[in-house]
Amino acid sequence: MIKLTRRTLLVGTSALTMAGMVSFRTIAASRTYHALLVACTEYPNLPQRNWLIGPKNDAGLVHEYLLKNVPDPVRFAPENVTLLAKDIPGANGLPTHAAIKAALVDLAAKVQRDDFVYLHLSGHGAQQPERVKGDETDGLDEIFLPVDIDKWINRDAGVPNALVDDEIGAALDAIRNKGAFVWVVFDCCHSGTATRAVEVDDEMERKVEFADLVGGSEAERAAAIKAYDEVTSAAGSRGVDDNGTRKPAFNLTPTGGEPITKGKLVAFYAAQTVETTPEMPLPKGTTDAPRFGLFTFTILSKLAENPNVTYRQLGQAVLQQYAADSRTRPTPLFEGELDARVFGTDKTDAVMQWPVVIKDGEATIGAGLLHRLTPGSKLAILPSALSPLSDAVGYLEVQSARNLESRVKPVEFDNKPALKLADIPANAYARVAEIAVDYKLVVARPAATKGLEKETALVNSVLDELATAKETGFNIELVDPGKSAELRFAVMRENAIAGAAKDATDKPALWFLPASGDVTLKDGSKPPLIIIHMDDGKKLVEATTRNLRTIFRATGLSRLAAASDYKPEDVDVQFQVKRRDKDGLEPLQASVVPRVSPGDEVHVLARNGSDLLVDINVLYVGSDYSITHIVAERLAPQATLEEGLLAFTDTSFGMERMIAVLTEAPPESEKEDLSFLAQDGVASMTRGLGPASFSDMLTDIGMAPATRSVMRLADKSGPKGAVMIFPMETVPRA
């Protein structure tokens, strides 16, 4: 565990003019904030294997956040928050089709101009053959499933009681026509095309097969499923438009001109139309953690850490967290008025600090696991919200933490004695003193595979050896098959995987799979693998060591994205794509995962808007975990870096990342050069068988960091830094 100080700038009266504050607060006071939270868990008319657990937890967490943690002056009054769910205190009824439609109609009737509406839907999504021919480019309607959906029998009617995308869009238009701003979050999926090669005990996909939605006689069921298969097979490149850009599941954002009186819209989607999205126990590593939708929990955790972001910045933070967790799928999508601020909040510097509440001999703060506070986290005690760090009168340590609350106690820290609770100043604030970045790579062992028992046993013995070995260049924690992990092992034959090529090998191999356990063999993608030879365990050890070291370094670099000290106004970094067959440069938005192909180019445009020297390194992490070091430059104050970086080749395909690393450059220091992080990709061995400052942390990645080191808040010797991740997907050129 590497602990990093985040230097945060407080907002004082000099940062905000009174006129600006009055203007914003006047608008916020006159605006009404509404929310509709929909959580569908149990589906009586579906097989019980399709029932979910996480949606009601999603709704409960969002409900608590809206009522307690949205920053002042935004206020969601309880009477303006409608909760449709089962077994949640304060729920307003079950999320049936009629109840959801009625709630949307009620919102449209009572909202006024400039009001804010938050809509959150957690549950199953699905697809059905379009009811109106020509209405959908892929011939499929996207649908959200209320709890009272019934079996699909009449094609013209579709799945009974399903909420169709056009229906949702019309309901939101009615609200927006009143001039209200709408933010809608869909934590559901539609259809998955990847093959799960490894079962994951802790994860459940929010996916229902079309066959489970079909009723009638066996002949009618067979005909309906055949019709669905014909539509999907004829749809071509599903999930992308004619330009190869991902399409959102529910197409809600208008494409043409709109009257200026219509309210704006932001839509967040957990997955594209051809992906599933999981629910799982969160936060990871917490004993008896409840099950949440990964998308919902990640949104709220990133929002809790920085509540004053724009929707685009929030989307970027979600994508960066997925990258840090080795999530190659699903691919969240974000569209609409993304440069507006979340909930319409004021533009201020977020400060990770909270009032200290002392009651009944205990001290608590209104922040917890969502804010990345865990037992052992240290917080400075400050006399007021505007106090500088030098005024810290003592420190607190987190004793226990829930999602939105922590129990803390005074401790001796940084040469200051532990205070008594009675000595903590009235109206004191607790400010985060350390931020944790955990480099350890959690690896799930391979599950037993029939006919490959000896190979699996050999792999497990190799993993036991590597987990305790020293100077391997990586730091791993082994868990049982199916448990939560960032990397999963599987022992299987390639020709046994659905979609394998005709020339796929039948030799037993050790596969390196992502957290989801999926194997994707389309669009040129293929996970790394090592052919297992029972008579040569030494080569298996060497090859596994080399691959784990490569993967560890690439994932460690991604995890530093949480350690940013820079803001866009300080240093702005933009990547741009030059398409092979087009003129001009296409900005690469941080909240979008573009698809690129061989021959396309990436360019960088970086501006140092600060008054300090800044070193910038640009690296490229391939789908095979290769790291290519491209640029190491020093930017003078107000200087600009603009140049072409690389052209894509056909050597690997899949989810890849451009990474910009920024480090503050002390006067007369040597330029930060991260070329030592460069590495070849993971080898697929098919013929038989490698006190912290921000700069120190980067060095650690190349040397397998120790379990824990600490840089204290008062230590000003280490330069600031940031890691910015821009994911993209490389696919073969059509």
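This report covers selected strands, helices, loops and backbone features of the structure. The model is predicted.

**Strand β23 and its partners**

Strand β23 spans residues 441-444. Both of its faces are covered. Leu 441 and Val 443 lie on one side, and Val 442 and Ala 444 lie on the other. These four residues are all buried. In a regular strand, side chains alternate between the two faces of the sheet.

β23 pairs with β24, residues 476-479, through four bridges in the parallel sense. Within this pairing, Ala 444 has Val 479 of β24 as its bridge partner. Helix α9, residues 453-468, belongs to the same unit: β23, α9 and β24 form a right-handed β-α-β arrangement.

β23 also pairs with β25, residues 487-493. That pairing is parallel too and rests on two bridges. Here Val 443 is bridged to Leu 487 of β25. Val 443 is also one of the buried residues of β23.

**The seven-stranded sheet**

An open sheet holds seven strands in the order β15-β21-β18-β19-β20-β17-β16. The pairing is antiparallel. β15 (353-355) and β16 (357-359) stand at the edges. Each has a single partner strand, so one side of each has no neighbour in the sheet. On average, neighbouring strands of this sheet are turned by 40 degrees against each other, direction ignored.

At one edge, β16 pairs with β17, residues 362-365. Three bridges join these two strands in the antiparallel sense. Lys 359 stands opposite Glu 362 in β17. Strands of a sheet pair through backbone hydrogen bonds, either parallel or antiparallel.

**Helices α2 and α7**

How do the axes of α2 and α7 cross? The axes of α2 (residues 54-68) and α7 (residues 294-305) come within 10 Å and cross at roughly 20 degrees. Angles under 35 degrees count as roughly parallel, so α2 is roughly parallel to α7. The crossing is left-handed.

On the α2 side, the contact involves Asp 58, Leu 61, Val 62 and Tyr 65. They meet Thr 296, Phe 297, Leu 300, Leu 303 and Ala 304 of α7.

**Backbone features in loops**

Two cis peptide bonds and two positive phi angles are listed below.

| Feature | Backbone value | Loop |
|---|---|---|
| Leu 282 to Pro 283, cis | omega about 0 degrees | Pro 283 between β12 (278-281) and β13 (291-293) |
| Arg 329 to Pro 330, cis | omega near 0 degrees | Pro 330 between α8 (311-324) and β14 (333-336) |
| Tyr 625, positive phi | phi about 70 degrees | Tyr 625 between β33 (614-621) and β34 (627-635) |
| Glu 668, positive phi | phi about 60 degrees | Glu 668 between β36 (654-664) and α11 (694-703) |

Tyr 625 has its positive phi although it is not a glycine. The same is true of Glu 668. Which of these two residues is buried and which is exposed? Tyr 625 has a relative accessible area of 15%. Buried means under 20%, so Tyr 625 is buried. Glu 668 has a relative accessible area of 84%. Exposed means over 50%, so Glu 668 is exposed.

Notes
Residues numbered from 1 in each chain as written. Predicted model: local features only at pLDDT ≥ 70, side-chain atom pairs only at ≥ 80, totals over all residues. Heavy atoms only, no water. Buried < 20%, exposed > 50% of the residue type's maximum accessible area, 1.4 Å probe, protein only. Pairing = 2+ DSSP bridges. Right-handed = clockwise from strand over helix to strand, strands pointing away. Axes fitted to C-alpha atoms, helices over the stretch in contact; angles between N-to-C directions. Parallel < 35°, antiparallel > 145°, perpendicular 65-115°, else oblique. Left-handed = near helix turned anticlockwise from the far one by under 90°. Contact = heavy atoms within 4.5 Å.
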